[in-house]
Each structure stands twice: as structure tokens, then as C-alpha cells.
Amino acid sequence: MNSGQRHYNTSGSGYTSPRMPFGKHAGARIADVPSPYLVWFVSTTSPDYDLRQAIERELDARNRGSERKYEAPPTTRSKQLPAGVTIEAALKVIESGRRAAAKTAHPDKGGKTADMQVINQVADFLRELLAEVL
């Protein structure tokens with residue numbers, strides 16, 4: 001069965017949610033993972049199609065519920081760096097953070113390829129946000 005499909009069980013309680021394959025909530029049912037993490041996961045990793053669909057369906061279901069459990073982040077961002085912060089300094093912080101995380105996540109250091117991919121994707125995302133400031 002594909003990772004993104006709802007899994008029917010035989011206990012009579014309906015379906016169970018697929019589980020997160022890795023990361024902070026590895027093994028947790030998608031239905032039990034906080035919405036902000038699901039949004040981050042989909043936007044910074046490359047989950048397979050079925051998992052992406054399952055996460056998007058879960059977020060949609062939460063938004064349609066009687067109590068709105070998730071609000072999308074604002075689409076407008078401040079286009080300014082904080083006072084006194086240069087672009088060079090911001091790039092240095094991004095790269096320093098990426099290197100620090102890579103010390104344990106890189107496959108050559110015993111880490112997992114998927115974790116290193118997430119680190120690189122987050123660093124790329126931050127650089128793109130920074131480029132918007134230019």
C-alpha cells in the first residue's frame with residue numbers, strides 16, 4: 001500500500017493515518033503531527049507523491065473542521081533585514097548553521113542522506129528569502 005493512502009484496519013475503528021517516515025516525528029501518524037511541522041516538512045523536503053498527498057489531505061481536513069486548527073503563514077514578508085545586519089553577515093550565518101548541522105547529519109559522518117537533504121533545502125530556502133531583500 002502506498003505511504004499516502006489511508007490505511008484501513010480490521011478493528012472496526014475506520015482508518016489509520018500513514019506515518020511520518022523520518023525526522024522529528026518519525027513513526028508518528030500524520031494525523032498526530034502538528035500542522036506547522038507538516039507544512040515545514042512538505043515545503044523543505046521532497047516526500048514521495050503519496051506522502052505529500054496524505055499530508056496535504058490532512059491539512060485540508062484540519063482547515064475544513066469546525067475548529068480551524070491551522071492558519072497558513074502570511075504570504076507577505078518584510079523585505080528588510082534587521083537594522084545593522086548586512087547581507088554578507090546573514091549569508092555567513094546561514095552557511096555556518098548549515099555546516100554545523102552537516103557535522104552530524106552528513107552521510108560521511110554517519111548521518112542520513114535524507115537529513116542532509118533537508119539541511120541543504122532549508123539553507124537554500126533561507127538564501128532565496130535573503131535574495132528577496134536585495
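**Figure 1. One helical turn in helix 4 separates Asp-124 from Arg-127.** Being three residues apart in helix 4, these two side chains sit about one turn from each other. Asp-124 and Arg-127 form a salt bridge, with 2.8 Å between the closest N and O atoms. This pair belongs to a wider set: salt bridges with shared partners join Glu-95, Arg-98, Arg-99, Asp-124 and Arg-127 into one network. Asp-124 has a relative accessibility of 39%, so it counts as partly exposed. Arg-127 is partly exposed too, at 27% relative accessible area. As you explore this and the following views, please keep in mind that the model is predicted.

**Figure 2. Arg-127 reaches from helix 4 to Glu-95 by a salt bridge, and Glu-95 lies in helix 3.** The closest N and O atoms of Arg-127 and Glu-95 are 3.0 Å apart. This pair links distant parts of the chain, as 32 residues separate Arg-127 in helix 4 (residues 113–133) from Glu-95 in helix 3.

**Figure 3. Glu-95 also forms a salt bridge with Arg-98.** Here the closest N and O atoms are 2.8 Å apart. Both residues belong to helix 3, where three positions, about one turn, lie between them. An α-helix has 3.6 residues a turn, so residues three or four places apart point the same way. Arg-98 is partly exposed, its relative accessible area being 21%; the lower limit of that class is 20%. For the protein as a whole, the count of salt bridges comes to six.

**Figure 4. Asn-120 of helix 4 is shown with Arg-98 of helix 3.** How far apart are the C-alpha atoms of Asn-120 and Arg-98? They are separated by 7.0 Å, although the two residues are 22 positions apart along the chain. At 29% relative accessibility, Asn-120 counts as partly exposed.

**Figure 5. Helix 3 (residues 87–105) has a span that agrees with its residue count.** At 1.5 Å a residue, its 19 residues should span 27 Å, and the C-alpha atoms at its ends are 26 Å apart. Ala-90, Ile-94, Ala-102 and Ala-105 are buried in this helix. Seen down the axis, the buried residues of helix 3 fall within an arc of 105°, so they line one face. On the other side, the exposed residues are Glu-88, Lys-92, Val-93, Arg-99, Lys-103 and Thr-104. Among them, Arg-99 is also part of the salt-bridge network in Figure 1.

**Figure 6. Eleven is the residue count of the largest nonpolar core.** Its members are Met-20, Ile-30, Val-33, Tyr-37, Leu-38, Phe-41, Val-42, Leu-51, Ala-54, Ile-55 and Leu-59. Helix 1 (35–44) and helix 2 (49–64) each supply at least two residues of this core.

**Figure 7. The close-ups come from a protein chain with four helices and two strands.** From the N terminus on, the elements run β-β-α-α-α-α. Of the 134 residues in the chain, 23% are buried. The accessible surface comes to about 9100 Å², and carbon and sulfur atoms hold 53% of that area. What share of the contacts with a separation of 6 or more joins residues 24 or more positions apart? Such pairs account for 44% of these contacts in the protein chain.

Notes: Residues numbered from 1 in each chain as written. Predicted model: local features only at pLDDT ≥ 70, side-chain atom pairs only at ≥ 80, totals over all residues. Heavy atoms only, no water. Buried < 20%, exposed > 50% of the residue type's maximum accessible area, 1.4 Å probe, protein only. Contact = heavy atoms within 4.5 Å. Areas by Shrake-Rupley, 256 points an atom, 1.4 Å probe, with all protein chains shown as cover. Expected span 1.5 Å × (residues − 1). Arc of directions from axis to C-beta. Core = buried A, V, L, I, M, F, W, Y, C linked by side-chain atoms within 4.5 Å. Salt bridge = Lys/Arg side-chain N within 4 Å of Asp/Glu carboxyl O.
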